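Work through the following exercises with the sequence and the coordinates open. Each task is followed by a solution in steps.

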Amino acid sequence: MKENSLRKIKILACVGLLLLTIVSLGMGIKKSIYCSTDFQWDSVKVLSMKVDPYVASGDPTNEYYSMYEEYYDRLEANQFPSLLWLLIPYTIFEPDIAKVVWMLSNLIFLGGTIIVLRKTIWKNMEHIDFLLVVLALLASSPIRNQIFLGQHSIFSIFFVFLAIYFMNKNETLSGIMLAVSYFKYSLTAPIMLFFLYKKKWKPVIVSGVIHVVLSLFSAIWLQRNVFDMMLAPVRQASWLSSSGFADVAAILSMFGFKGSAGTIVTVVVFIALAIWCLTTKNTNEYQVLIVLIMWSLIFMYHRKYDYFVLIIPFAAAISSELGINYSNKNVGCVWRILLIILTTGLFFVDGFIDPLTVFGSKLMMVFGASIYEDFYSGFNILMIVILYALLVLTCLGKKNENKIEVR
């Protein structure tokens, strides 16, 4: 009887999420046609013309700085050249057409991600659980904003899980997919450590060689010192370092610690995670993957539109086939409840076009600006506390065997 009731609740949730999916994706697609400014088409275009995008993006007087501002605001090259080359095919289109093509590509990458996840880490999920999780992903505001803004996280996540899919089938192909996934390295680099955990060296080496070769080619192409060229996008993106949501740099900036403090912590934690992946005896591969995803959100710069990756641990909270076991059942229950609260909160209340922002002016008129701002700040702090608490609880889970295998 209890199982039937739970199934009915899940069915009703699916119906509600289906309606939200139609509205949310529709909004994202519509806005992307006019407002997709994060695509970096302009950076790739000037690179293809043998113009140094890092010099141009740092100089408002440069003739290329505002050449495409009608479509992409100002030139802002904050990506490594070895990765920018991946977007070269899109430069055959004019900017307004390229936005539409990129939006359609993101939808394809999103569908591909769902398929790959179903064939790997979600292969044992019941159909109703899988449908519920997929609809929660598609209806989420981070996915809407990824499509709306023209971000690259969906693209990168698709290829990192494609690399995991090919990990045991074709390690060379897996390495190529892993190399592509580095486009949003702040999201996928920690997940890449899963290959160290699996002792799969070839994909990691192949992905590294690809970027070394492309970096050397880029240095020759731009006639620039390769080391200086690799530091250029880091300098360009440095102003973002304290504007994340729950990452270390953002937290430190709240307490007045700015500058290199966040970078130092990031490097130290990344090295510590690499050592942990190489030495851990944990046989629950899904638990290891969840830990890496949550560390990615915590110690590297992210805004809320990247938090759609929480769908991975959220699936574990929904499906008994994926859940992490605890010696104390009450702790396991708290873990599931917190995961659902966190994911629901960050999925449906996002900092760009969420209900609080859309109706914020009306709420401020009713409650006053200070109360509205205090409520929103309180919501963010609560989500941050839950995120860090969940990381601790996830690490405390029992080390049961659970292998991720391709179907």
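**Exercise 1.** In this predicted model, find which residues Leu-187 is in contact with, leaving aside its neighbours within four places in sequence, and state whether Leu-187 is buried or exposed.

Solution.
- Step 1. Locate the residue: Leu-187 belongs to helix α11.
- Step 2. List the contacts: Leu-187 is in contact with Ser-153, Ile-157, Ser-296, Leu-297, His-302, Asp-306 and Val-309, once neighbours within four places in sequence are left aside.
- Step 3. Check one of these pairs by backbone distance: Leu-187 and Ser-296 are 109 residues apart along the chain, and their C-alpha atoms are separated by 5.9 Å.
- Step 4. Assign the burial class: the relative accessibility of Leu-187 is 1%. Buried means under 20%, so Leu-187 counts as buried.

**Exercise 2.** Describe how helix α11 packs against helix α12: what are the angle and the axis distance, and which residues make the contact?

Solution.
- Step 1. Set the limits: α11 covers residues 185-197 and α12 covers residues 201-222.
- Step 2. Read off the geometry: the angle is about 135 degrees, and the axes are 7 Å apart.
- Step 3. Classify the angle: roughly antiparallel needs over 145 degrees, and roughly perpendicular spans 65 to 115, so α11 is oblique to α12.
- Step 4. Name the contact residues: α11 contributes Met-192, Phe-195 and Leu-196, while α12 contributes Trp-201, Pro-203 and Val-204.
- Step 5. Sort the residues of this contact by class: six are nonpolar, none is polar and none is charged.

**Exercise 3.** Determine how many cavities of 30 Å³ or more there are, and what lines the largest cavity.

Solution.
- Step 1. Count: there is one cavity of 30 Å³ or more.
- Step 2. Give the volume: the largest cavity holds about 80 Å³ of space.
- Step 3. Describe the lining: 13 residues line the largest cavity, and Thr-113, Leu-117, Ile-157, Phe-308 and Ile-311 lie nearest its centre.
- Step 4. Assign the lining to helices: at least two lining residues come from each of α6 (95-119), α9 (153-165) and α17 (311-318).
- Step 5. Sort the lining by class: twelve residues are nonpolar, one is polar and none is charged.
- Step 6. Link back to Exercise 1: Ile-157, one of the residues nearest the centre of the largest cavity, is also among the contacts of Leu-187.

**Exercise 4.** Two residues other than glycine, Gln-40 and Gln-223, have positive phi. For each, state where it lies and whether it is buried or exposed.

Solution.
- Step 1. Gln-40 has phi near 65 degrees and sits in the loop between α1 (2-35) and α2.
- Step 2. The relative accessibility of Gln-40 is 9%, so Gln-40 counts as buried.
- Step 3. Gln-223 has phi near 55 degrees and sits in the loop between α12 and α13 (226-237).
- Step 4. The relative accessible area of Gln-223 is 75%; exposed means over 50%, so Gln-223 is exposed.

**Exercise 5.** Place Met-294, Asp-52 and Asn-380 in the fold, and state what each one touches, not counting residues up to four places away in sequence.

Solution.
- Step 1. Met-294 lies in helix α16 (residues 285-299) and is buried, at 0% relative accessibility.
- Step 2. Met-294 touches Leu-387, Leu-390, Leu-391 and Thr-394. Met-294 and Leu-390 are 96 residues apart in sequence, with 8.5 Å between their C-alpha atoms.
- Step 3. Asp-52 lies in the loop between α2 (41-48) and α3 (53-57) and is buried, with a relative accessible area of 13%.
- Step 4. Asp-52 touches Leu-222 and Arg-224. The C-alpha atoms of Asp-52 and Ala-219 are 9.8 Å apart, at a sequence separation of 167 residues.
- Step 5. Asn-380 lies in helix α21 (residues 369-395), counts as buried at 15% relative accessibility, and touches Phe-245 and Lys-304.

**Exercise 6.** Summarise the whole chain: how many helices and strands are there, and what share of the residues is buried?

Solution.
- Step 1. The protein chain has 21 helices and zero strands.
- Step 2. Of its 407 residues, 54% are buried.
- Step 3. Take the contacts between residues at least 6 apart in sequence: 78% of them join residues at least 24 apart.

How values were computed:
Residues numbered from 1 in each chain as written. Predicted model: local features only at pLDDT ≥ 70, side-chain atom pairs only at ≥ 80, totals over all residues. Heavy atoms only, no water. 1 Å grid on protein atoms, 1.4 Å probe; cavity = no way out; pocket = protein on both sides within 12 Å on 5 of 7 lines; lining within 4 Å. Points joined across faces, edges and corners; volume = space filled by probe spheres on them. Helix = DSSP H or I, 4+ residues; strand = E, 2+ residues; numbered from the N terminus. Nonpolar A, V, L, I, M, F, W, Y, C, P; charged D, E, K, R; others polar. Axes fitted to C-alpha atoms, helices over the stretch in contact; angles between N-to-C directions. Parallel < 35°, antiparallel > 145°, perpendicular 65-115°, else oblique. Contact = heavy atoms within 4.5 Å. Buried < 20%, exposed > 50% of the residue type's maximum accessible area, 1.4 Å probe, protein only.
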